[in-house]
Amino acid sequence: MLELIKSYFSDYDSLKEIAERCLNTERWNGNVLLMLLDVAITSVGVNYFQVVVPKVREFEEEFVKIGKVNSLSDLANFNYEEAFHIWRNVRSWQVLKEIAGYLSTLSDNDREALKTWAKGSSLSSWKSDPIGKIKGVGLITYQYLRMMGGIDTVMPDKIVKRVINEILIKAGEKPVYDDMEFIHTVEALAKQTGYKAVELCFMTWFKDNSERIPLMP
């Protein structure tokens with residue numbers, strides 16, 4: 001299994017660096033506001049590099065860098081209609097505002113707020129978690145946010161499932177389709193092979209797109 005997984009890592013050093021930034025809550029240069037927007041737009045199932053990254057960067061230029069949106073509290077109270085020219089999905093904005101509103105109650109430091117929530121979160125009780133209960137937050141979104149808050153886990157999206165199940169089949173094992181069982185399977189696979197679950201997740205995203213690794217914020 002280890003050698004099989006190794007064959008999928010075209011640039012392990014770069015993927016390891018991305019995983020470390022994720023687990024240290026340092027993606028998007030450590031800006032939690034941009035991380036949350038990333039999560040909110042990703043939640044509606046659009047192409048990451050063609051849609052999510054450029055939209056988040058556009059928001060960063062127009063609202064974050066000029067100081068119009070500085071904190072989670074600002075984001076929670078943000079009039080998203082001002083940014084409809086960037087992203088016009090109301091559901092994404094509502095999810096974003098509600099997550100920001102809850103996290104803002106945990107700490108005045110945005111990164112500490114996200115890390116505090118993630119540390120206290122759990123997979124088994126995700127539906128009763130304050131963020132898990134937000135309308136529009138599914139298990140994939142919940143897991144993605146936990147990853148960016150420092151939890152070594154995996155999100156059960158279609159790409160991750162397809163590649164990991166391909167590996168399982170090649171290793172002579174049964175594919176796993178149930179989301180919760182899949183997450184536990186990948187976490188166990190990570191322990192078995194010495195990789196991090198987050199590394200395995202990113203590996204699947206870049207399996208056929210290694211040239212995009214340097215573009216990962």
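Let me start with one side chain, that of S121, which reaches the backbone oxygen of A118 at 2.6 Å. Before I go on, please keep in mind that what we have on the screen is a predicted model, and that the distances I quote are computed from it.

Staying with S121, this residue sits in the loop between α7, residues 110-120, and α8, residues 139-148. Is S121 buried or exposed? With a relative accessible area of 9%, S121 is buried, because the cut-off for that class is under 20%. Besides the link to A118, there is a polar contact of 2.8 Å between the side chains of S121 and R146. If we leave aside the neighbours within four places in sequence, the residues in contact with S121 are D129, Y142 and R146, so R146 turns up here by the contact criterion, heavy atoms within 4.5 Å, as well as through the polar contact I just described.

Now let me turn to the charged pairs. As a general point, side chains of opposite charge can pair when their charged atoms come close. Counting salt bridges in this model gives 9, and I would like to take you through some of them.

One of them joins E3 and K6, whose closest N and O atoms are 3.7 Å apart. Both residues belong to helix α1, which covers residues 2-6, and they are 3 residues apart, about one turn of the helix. As for their surroundings, E3 counts as exposed because its relative accessibility is 57%, whereas K6, at 39%, counts as partly exposed.

Another salt bridge pairs D38 with R27, and here the closest N and O atoms are 3.5 Å apart. D38 lies in helix α3, residues 32-42, while R27 lies in the loop between α2, residues 12-23, and α3, so this pair ties together parts that are 11 residues apart in sequence. Both D38 and R27 are buried, which you may want to keep in mind when you look at this pair in the structure.

The last pair I will show is E61 with K65, whose side chains meet in a salt bridge at 2.8 Å, N to O. E61 is partly exposed, with a relative accessible area of 45%, and K65 is exposed, with a relative accessible area of 54%.

To bring this together, we have a buried serine, S121, with a polar contact to the side chain of R146, and we have salt bridges that include a buried pair, D38 and R27.

How values were computed
Residues numbered from 1 in each chain as written. Predicted model: local features only at pLDDT ≥ 70, side-chain atom pairs only at ≥ 80, totals over all residues. Heavy atoms only, no water. Salt bridge = Lys/Arg side-chain N within 4 Å of Asp/Glu carboxyl O. Helix = DSSP H or I, 4+ residues; strand = E, 2+ residues; numbered from the N terminus. Buried < 20%, exposed > 50% of the residue type's maximum accessible area, 1.4 Å probe, protein only. Polar contact = N/O pair within 3.5 Å; in protein donor to acceptor, adjacent residues only side chain to side chain.
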